[in-house]
Amino acid sequence: MLNLDLTGAQVLGKDGLDRRALSIAEGVIVDAPQKRAVDLSGYMILPGIVDVHGDGFERHLAPRRGAMKTLSEGLVAAEAELAANGITTAVLAQFVSWEGGLRGPEFAKQVFEAMRVTAPGLVTDLRGQLRFETHMLDLYDQIPSQMADWGLSYIVFNDHLPHGRLAEGRVPKRMVAQALKAGRNPDAHLKLMQEMHARRADVPAALDELCAVLAAQGVQMGSHDDTTAEGRAAWRARGVNVAEFPETLEAAEAATAAGDLVVLGSPNVVRGGSHNGNVSAVDLIMMGVGAALASDYHYPSPRRAAFMLADSGVLPLADAWRLVSAGPAAVLGLADRGDLLPDMRADLVVLDAKTRRVAMTMAGGRVSYMSGDIAMRFTV
């Protein structure tokens, strides 16, 4: 860990950027000057990004079908990308889904076991999130013990079954390609979906029981892609208090009004809207909806989204940056990060003041990424 003063930079506080020294010792921010100082004139220092949900790591773990032999090396590569984008805490969202393949239970087991072995040796704080398909009723009895075995404390519930087409007796779109990707016969894949759809009436009661067990274990729970106020209320009644990426204004407003923690996608902000026609994250933020922005599928997006919100006048920079730092930290119940205050973890990102590119990332007082001119300043 580095014990030093970072001087000359613009440091982001609750009121915006101001030029002041930032002291770090033994992995935390302190208010006592240190013996060594590094001049960071020309740079900005901001709280490290806390990514509350991302699946961009998938390309590192399995870049090609069948290339899944060294997941630990993939996690190391994923951490490098996270750090290069200023992310100091990352929640890796891994499916357990009927879709199979890289989203199947067998691959999830490999991923979470690799994380247990590899993550403690990395600088970035990597955490796992189980994304569970609600209609996999045969797995309900296993989920609580598996989460404990895998060291997980966060689960998000999804339902990606194409219920509309199944109810009409039609073959779902892209079904054959999806089946082949999962390594299944298309007829068997379709039969699996039809059987799960046929048991949909059993899902609510099963979820009630499962959520009660998980809540007793202290597991944090979230729903994904809510569309209605009624649906969100049903999740809330089960103790599922995080609403990830609500698809409609109705669901997002209902979640916020009830005190739920709403997570929005930073790519939605960067793109200027949802890629599939859902409610605009920018519109929601302008209405005061949203506790956090997540990378979703693109790790550069949280940093870019925060500056786009600030540059467009939607929010002051300090408030926009809280959506990618203190906000997601609060969603995860992590009170020791998200701000640059004494006694908090020394999690920070240093940006070039002109280009806003990441020059250095530090997590817990340890450098996870450094590039360019800034490296010379630390070696002098």
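The buried residues of helix α3 pack against α1 (58-61), α2 (71-84), β9 (87-96), β10 (125-133) and α4 (143-150). This is a predicted model, and the points below take up three of its helices, its largest pocket, two individual residues and several backbone angles. The largest pocket holds about 1500 Å³ of space, and α3 and α8 are among the elements that each supply at least two residues of its lining.

**Helix α3**

- The residues of α3 that count as buried are Phe107, Ala108, Val111, Phe112, Ala114, Met115 and Thr118. Viewed down the helix axis, these buried residues fall within an arc of 155°, so they line one face of α3.
- On the other side of α3, the residues Glu106 and Val117 are exposed.
- With 14 residues at 1.5 Å a residue, α3 should span 20 Å, and this agrees with its end C-alpha atoms, which are 20 Å apart.

**Glutamine 94 in strand β9**

- Glutamine 94 has its place in strand β9, one of the elements against which the buried residues of α3 pack.
- Because its relative accessible area is 1%, below the 20% cut-off, glutamine 94 counts as buried.
- Once neighbours within four places in sequence are left aside, the contacts of glutamine 94 include Phe107, Ala108, Val111 and Phe112, four residues that are also listed among the buried residues of α3. Glutamine 94 is further in contact with Phe57, Leu102, Arg103, Gln129, Leu130 and Arg131.
- The C-alpha atoms of glutamine 94 and glutamate 58 are separated by 8.5 Å, although these two residues are 36 residues apart along the chain.

**Helix α8**

- In α8 the buried residues are Val203, Ala206, Leu207, Leu210, Cys211 and Leu214. They cover an arc of only 130° around the axis, which puts them on the same side of α8.
- The face of α8 that is turned away from this buried side carries the exposed residues Ala205, Glu209 and Ala216.
- The elements that cover the buried residues of α8 include β10, α4, β11, β12 and α9.
- For the 14 residues of α8, a rise of 1.5 Å a residue gives an expected span of 20 Å, and the end C-alpha atoms are 20 Å apart, in agreement with it.
- Glycine 218, which follows α8, has a positive phi near 80°.

**Helix α10**

- The buried residues of helix α10, which comprises residues 249-257, are Ala251, Ala252, Ala254 and Ala255. Seen down the axis of α10, these buried residues fall within an arc of 165°, so they line one face of the helix.
- These buried residues of α10 pack against α9, β13 (242-244), β14 (261-265) and α12 (281-286).
- Just after α10, glycine 259 takes a positive phi of about 85°.

**The largest pocket**

- The largest pocket, with about 1500 Å³ of space, is lined by 48 residues, of which Trp98, Glu99, Asp159, His160 and Leu161 are the closest to its centre.
- By residue class, the lining of the largest pocket divides into 16 nonpolar, 15 polar and 17 charged residues.
- Seven elements, namely α3 (105-118), β11 (154-158), α5 (163-167), α6 (175-181), α8 (203-216), β12 (220-224) and α9 (229-237), each supply at least two residues of this lining. Of the elements, α9 gives the most to the lining, with 4 residues.

**Proline 186 in helix α7**

- Proline 186 has its place in helix α7, which covers residues 186-198.
- Apart from its neighbours within four places in sequence, proline 186 is in contact with Met175, Val176, Ala179 and Leu180.
- The C-alpha atoms of proline 186 and aspartate 347, which are 161 residues apart along the chain, are separated by 47 Å.

**Positive phi outside glycine**

- Most residues other than glycine have a negative phi.
- Aspartate 225 is not a glycine, yet it has a positive phi of about 60°. Aspartate 225 lies in the loop between β12 and α9, and with a relative accessibility of 25% it counts as partly exposed.
- Arginine 356, also a residue other than glycine, has a positive phi near 65°. Arginine 356 lies in the loop between β16 (348-352) and β17 (358-363), and its relative accessible area of 29% makes it partly exposed.

How values were computed:
Residues are numbered from 1 along each chain as its sequence is written. This is a predicted model: local features need pLDDT of at least 70, side-chain atom pairs count only at pLDDT 80 or more; totals for chains, interfaces and linings use all residues. Side-chain values use heavy atoms; hydrogens and water are left out. On a 1 Å grid over the protein atoms alone, a cavity is a set of points where a 1.4 Å probe fits but cannot get out, and a pocket is an open set with protein on both sides within 12 Å along at least five of seven lines; lining residues have an atom within 4 Å of a point. Grid points are joined across faces, edges and corners, and a volume is the space filled by probe spheres set on the points. Ala, Val, Leu, Ile, Met, Phe, Trp, Tyr, Cys and Pro count as nonpolar, Asp, Glu, Lys and Arg as charged, and the others, Gly among them, as polar. The expected span of a helix is 1.5 Å times one less than its number of residues. Buried means under 20% relative accessible area, exposed over 50%, partly exposed in between (1.4 Å probe, protein chains only). The arc is that of the directions from the helix axis to the C-beta atoms. Contact means heavy atoms within 4.5 Å.
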